[in-house]
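Here is a guided walk through one protein model, taken a piece at a time. Keep the 3D view open and turn it as you read.

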Amino acid sequence: MLDIQLLRTDLENVAKRLSTRRFILDTAHFQRLVMQRGSIRTDTQKLEEERNHISKLIGQLRGAGHDPDDEAIGGFFPEIQKNSDQLKEAKKRLSEIEEELQQLLEVIPNLPHDSVPEGGNETDNREVRRWGTPRKFESDFAVKDHVAIGEDLGLLDFETAAKLSGTRFSLMQGGLARLHRALTQFMLDTHTQEHGYTETYVPYLVTAESLYGTGQLPKFEEDLFVVPHGEQGNYYLIPTSEVPLTNIVRDRIIALESLPIKLTAHTPCFRSEAGSYGKDTRGLIRQHQFDKVELVQIVHPQKSYEALEELTGHAEKILQKLELPYRVMALCTGDMGFSAAKTYDIEVWLPAQNVYREISSCSNCEAFQARRMKARFRNEKGRPELLHTLNGSGLAVGRTLVAVLENCQNADGSVSIPEALQPYMGGLDRLTAQSKE
């Protein structure tokens with residue numbers, strides 16, 4: 001959430017910067033609400049002062065020996081009733097105005113950092129760097145996509161998954177299921193042993209308060225899976241472990257010496273994909289349920305952009321160890337997520353599509369989430385100050401599996417297992433149809 005004081009003092013500039021994100025701020029509506037709130041606050045203060053003045057006069061009369069039934073005191077009762085009615089109405093109206101103002105603030109996205117390229121969609125994203133060289137397959141080698149590879153090996157079954165749960169689900173068996181697990185363990189080991197993250201086990205069901213804190217609610221409720229829970233209200237299946245990990249610091253004041261906080265978790269992620277009808281319906285790219293190893297950093301505001309570069313590098317290291325070619329893209333203003341001030345997308349090479357596809361998104365949210373969560377730290381002067389939060393995929397396991405299958409496929413239909421993963425596969429160096437046992 002943006003700082004309301006920034007909106008009040010620099011509204012025109014804020015609106016201009018938000019417009020680069022394809023968000024049009026209704027400045028007139030905002031100003032009207034702020035003016036109405038100010039006016040009602042003034043009226044409320046005057047009514048309270050009037051009430052206090054009458055109470056003081058009645059107290060003086062009582063101190064002088066007047067009985068409450070005396071006309072001198074009783075004469076104030078109509079005035080007291082009128083004041084009470086007006087004050088009650090003013091407070092009700094103030095509450096309504098503040099709620100409307102809060103609802104407006106809740107749907108305003110974060111301001112883009114000055115270094116973010118301006119643009120309307122993904123075509124305006126800028127390439128920052130590339131790593132690795134895409135493999136050149138022999139001319140007589142018919143390159144297959146991951147669906148064909150997995151199904152031909154008898155290890156990937158979308159038909160049975162659809163029978164169990166409908167579309168956008170998958171069923172893996174044997175060596176492929178083990179490879180999926182191996183990727184997860186490899187990622188966690190790398191991030192905890194080499195990059196300094198603390199492995200964390202988190203709930204897969206969260207409350208609305210947690211999703212509000214990281215910005216998924218109220219704006220993106222249609223993308224979430226809701227689990228009714230009787231009188232206690234709804235739970236939500238997590239769309240990413242960014243939600244529970246980041247909310248660990250909600251409503252807390254962190255000691256300065258505890259920063260930075262670096263957390264990682266492996267969880268399933270659940271997304272209804274409400275806004276992606278018809279996109280990537282084939283295969284593992286866009287599923288209702290998928291696994292991801294998440295990276296979250298909670299840092300000092302002065303160090304968050306340094307942390308963004310570091311976190312992005314940690315995600316890149318996984319692809320480098322797997323020897324998978326990729327590129328890093330700086331997202332433009334019109335392509336960033338709601339809570340992000342700056343985002344790098346890491347895109348891995350997929351030979352069957354002959355394109356780079358997103359496998360990780362690493363974002364600095366600055367104080368946007370912290371303001372919603374009331375997550376603070378004591379700064380160098382001992383005063384509470386909002387933290388900065390960052391998150392990124394380190395990596396999406398299913399999409400990494402796709403990249404391994406396609407980049408490491410062989411002419412005989414088998415898949416070579418990257419050397420970094422072989423210790424996690426019991427020394428197995430190749431997936432074949434016999435890997436089903």
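Let's start at the end of a helix: right after H11 comes Glu323, and its phi is positive, near 60°. Before going on, bear in mind that this is a predicted model, so treat what follows as a description of that prediction.

Now step back into the helix itself. H11 is made of 19 residues, and from its first C-alpha to its last it reaches 28 Å, close to the 27 Å expected at 1.5 Å a residue. Which residues of H11 are buried? The list includes Ser304, Ala307, Leu308 and Leu311, and further along His314, Ile318, Leu319 and Leu322. Glu316 is also among the buried ones.

Another residue of this helix, Glu310, is a bit different to look at: with 34% relative accessibility, Glu310 counts as partly exposed. Its partner is Lys262, and the two form a salt bridge in which the closest N and O atoms are 3.7 Å apart. Lys262 belongs to strand S7 (residues 261–270) while Glu310 sits in H11 (residues 304–322), so this pair ties together parts that are 48 residues apart in sequence. The lysine end is tucked away: Lys262 has a relative accessible area of 15%, and it counts as buried because the cut-off for that is under 20%.

H11 also meets another helix. Pairs like this have a standard description: two packed helices are described by the angle between their axes and the distance between the axes. For H8 (residues 174–193) and H11, the axes come within 10 Å and cross at roughly 125°. The two helices are therefore oblique to each other. As for handedness, the crossing of H8 and H11 is right-handed.

While you are around H8, look at the loop between helix H7 (158–165) and H8, where you'll find Arg168. Arg168 isn't a glycine, yet its phi is positive, about 65°. Is Arg168 buried or exposed? It is buried, with a relative accessible area of 12%.

Back to salt bridges for a moment. How many does a search of the whole structure find? The count is 15. One of them joins the side chains of Glu127 and Arg130, at 2.7 Å from N to O. Glu127 is partly exposed, at 37% relative accessibility. This pair has company, too: Glu127, Arg130, Arg327 and Glu347 are linked in a network of salt bridges. Elsewhere, the side chains of Asp251 and Arg250 meet in a salt bridge of 3.7 Å, again N to O. Asp251 counts as exposed, at 57% relative accessibility, while Arg250 is partly exposed at 26%.

Next, the sheets. As a reminder, strands of a sheet pair through backbone hydrogen bonds, either parallel or antiparallel. One open sheet has 3 strands in the order S3-S5-S4, and the pairing is antiparallel. Its edge strands are S3 (205–206) and S4 (226–228), each of which pairs on one side only. Between S3 and S5 (residues 234–237) there are 2 bridges, with the strands running antiparallel. To see one of these up close, find Val206: its bridge partner in S5 is Tyr236.

A loop leading to this sheet holds a cis peptide bond. It runs from Leu217 to Pro218, with omega near 5°, and Pro218 lies in the loop between helix H9 (208–214) and S4. There is also a cis peptide bond from Gly394 to Leu395, where omega is near 20°. Leu395 is part of strand S14 (residues 388–396).

Another open sheet has 3 strands as well, in the order S6-S12-S13, with mixed pairing. Here the edges are S6 (253–254) and S13 (384–386), and each pairs on one side only. S6 and S12 run parallel, joined by 2 bridges, and Ile253 stands opposite Arg376 in S12.

Our last stop is the loop between helix H12 (368–373) and strand S12 (376–378), the place of Lys374. Lys374 has a positive phi near 55°, in a residue other than glycine. Is Lys374 buried or exposed? With a relative accessible area of 52%, Lys374 is exposed.

Conventions:
Residues are numbered from 1 along each chain as its sequence is written. This is a predicted model: local features need pLDDT of at least 70, side-chain atom pairs count only at pLDDT 80 or more; totals for chains, interfaces and linings use all residues. Side-chain values use heavy atoms; hydrogens and water are left out. A salt bridge is a side-chain nitrogen of Lys or Arg within 4 Å of a carboxyl oxygen of Asp or Glu. Buried means under 20% relative accessible area, exposed over 50%, partly exposed in between (1.4 Å probe, protein chains only). Helices (H or I, at least four residues) and strands (E, at least two) are DSSP runs, numbered from the N terminus. Two strands pair if DSSP finds at least two bridges between them. The expected span of a helix is 1.5 Å times one less than its number of residues. Axes are lines fitted to C-alpha atoms, for helices over the stretch in contact, and angles run from 0 to 180 degrees between N-to-C directions. Angles under 35 degrees count as roughly parallel, over 145 as roughly antiparallel, 65 to 115 as roughly perpendicular and the rest as oblique. A crossing is left-handed if the near helix is turned anticlockwise from the far one by less than a right angle, and right-handed if clockwise.
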